[in-house]
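Subject: Structure for you to take over

Hello,

Please take over the structure below. My notes on it follow.

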Amino acid sequence: MNQPLEYIFPNPPEGLDPRELHIEGIPEHVAVIMDGNGRWAKKRALNRLKGHKAGIEAVRETIRCASDLGVRYLTLYSFSTENWKRPEEEVVGLMDLFAKTMLAEVDALHAEGVRVRTIGDLSILPEETRAAFDKAWEKTRENEGMTLIVAINYGSRQEMLHAAQCLMRHAVLQAEETGEVPQATEELFERGLYTAGIPDPDLLIRTSGEMRISNFLLWQIAYSEIVVTDVLWPDFDRYEFLRALLEFQGRDRRFGAVA
Ligand code: IPE
Ligand code: IPE
Ligand code: MG
């Protein structure tokens, strides 16, 4: 842990006690499906983009809290390969918001020792959005604090196809060299995933009550604990994060074995 619990959670709501958190049981990797921005805006008769903007504060707070608690990897699902189906105004607004937010936050993240990287196919993003993430990676790549992984134009099926293609290329090269087709192994397949080298998420949080995965990290969440909260993403804060962590710590992870 990088900060004391009283500092991280100064004003817990009634009935929520940060001291119940076991520091030794903080998950190494937390992944979040940040959902509900649109509904948050609709409830207030606002444009959907206002909901996405309001979600930035929740992003900031979650990153800070996870980093302070000593989480090593935080993956945030920001834009899926299916989100291009949304109205153009929303897509353009989101891409602009990603670029501006990244540029505005990179110095603070760097000062905290956070390493910023992405997963997904960035090649088709608008130039400014791609450049903002490239800049953040260049600036923070040597940092040794928490790794923040922004999933953008990310789709798990696309990622697994990419891994299968890498595996096929590897097999062809090996066959040409040795005359034998190598065995496909989990290790070889994982080398072609965007998340190669990153441990699987221990905890997957989804906000806004939806009980689905929406094409996120299908391979990697094989044994993740899943916590779904009804809270809409812009209302998510450090105390909601704490609730999810406490629920995680109450789970019995068996990985298929006997307890
Ligand atoms: C999640 O909020 C943000 C993105 C997918 C970019 P939504 O925009 O999906 O919000 P709802 O689900 O419509 O409420
Ligand atoms: C998942 O949310 C994608 C992100 C949070 C970026 P969606 O709102 O796109 O998912 P569905 O459409 O409800 O499954
Ligand atoms: Mg949604």
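Serine 214 lies in the loop between strand 5 (203-206) and strand 6 (225-228); helices (H or I, at least four residues) and strands (E, at least two) are DSSP runs, numbered from the N terminus. The phi of serine 214 is near 50°, a positive value in a residue other than glycine. Most residues other than glycine have a negative phi. Serine 214 is partly exposed, with a relative accessible area of 29%. On this scale buried means under 20% relative accessible area, exposed over 50%, and partly exposed in between (1.4 Å probe, protein chains only).

Alanine 45 also has a positive phi, near 55°. That residue sits in the loop between helix 2 (37-43) and helix 3 (48-69). With a relative accessible area of 73%, alanine 45 is exposed.

Before the rest, a word on the source. This is a predicted model, in which local features need pLDDT of at least 70 and side-chain atom pairs count only at pLDDT 80 or more, while totals for chains, interfaces and linings use all residues. Residues are numbered from 1 along each chain as its sequence is written, chains are lettered from A and ligands numbered from 1 in the order in which they are written, and side-chain values use heavy atoms, with hydrogens and water left out.

The overall build

The protein has eight helices and six strands. Read from the N terminus, the order of elements is α-β-α-α-β-α-β-α-β-α-α-β-β-α. The C-alpha atoms fill a box of roughly 65 × 50 × 35 Å along the principal axes. The radius of gyration is 19 Å, which agrees with the value near 18 Å for a compact globule of 259 residues. That radius is taken over C-alpha atoms, and the globule rule is 2.2 Å times the number of residues to the power 0.38.

Of the 259 residues, 48% count as buried. The protein exposes about 13700 Å², and carbon and sulfur atoms supply 51% of that area; the areas come from the Shrake-Rupley method with a 1.4 Å probe, and for residues only the protein chains shown count as cover. Contact here means heavy atoms within 4.5 Å. Among contacts between residues at least 6 apart in sequence, 77% join residues at least 24 apart.

There are 30 positive and 42 negative side chains, and the centres of the two sets lie 6 Å apart. Lys and Arg count as positive and Asp and Glu as negative, with His and the chain ends not counted; each charge is placed at NZ of Lys, CZ of Arg, CG of Asp or CD of Glu.

The cores

The largest nonpolar core has 51 residues, and those with the most contacts inside it are Phe9, Leu21, Leu69, Leu74, Leu148 and Phe241. Helix 4 (residues 88-111) gives the most to this core, with eight residues. A nonpolar core is a set of buried Ala, Val, Leu, Ile, Met, Phe, Trp, Tyr and Cys residues joined through side-chain atoms within 4.5 Å. A second, separate core of 14 residues includes Ala31, Tyr154, Tyr194 and Leu204.

Beyond its neighbours within four places in sequence, leucine 148 is in contact with eight residues' worth of chain listed here in full: Ile63, Leu74, Leu76, Leu109, Val114, Arg115, Val116 and Arg117. Valine 114, in the loop between helix 4 and strand 3 (115-119), is buried, with a relative accessible area of 0%. With the same neighbours left aside, valine 114 is in contact with Ser67, Leu109, Thr140, Asn143, Met146 and Leu148.

Two helices in contact

Alanine 99 is found in helix 4 and is buried, at 6% relative accessible area. Leaving out residues up to four places away in sequence, alanine 99 touches Glu128, Thr129 and Ala132. Threonine 129 has its place in helix 5 (residues 127-140) and counts as buried at 1% relative accessibility. Not counting residues up to four places away, threonine 129 touches Met95, Phe98, Ala99 and Ile152.

Helix 7

Glutamate 190 lies in helix 7 (residues 186-190) and is partly exposed, with a relative accessible area of 29%. Outside the residues up to four places away in sequence, glutamate 190 touches Ala196 and Trp219. Glutamate 190 and alanine 164 are 26 residues apart in sequence and 9.4 Å apart in space, C-alpha to C-alpha.

Regards
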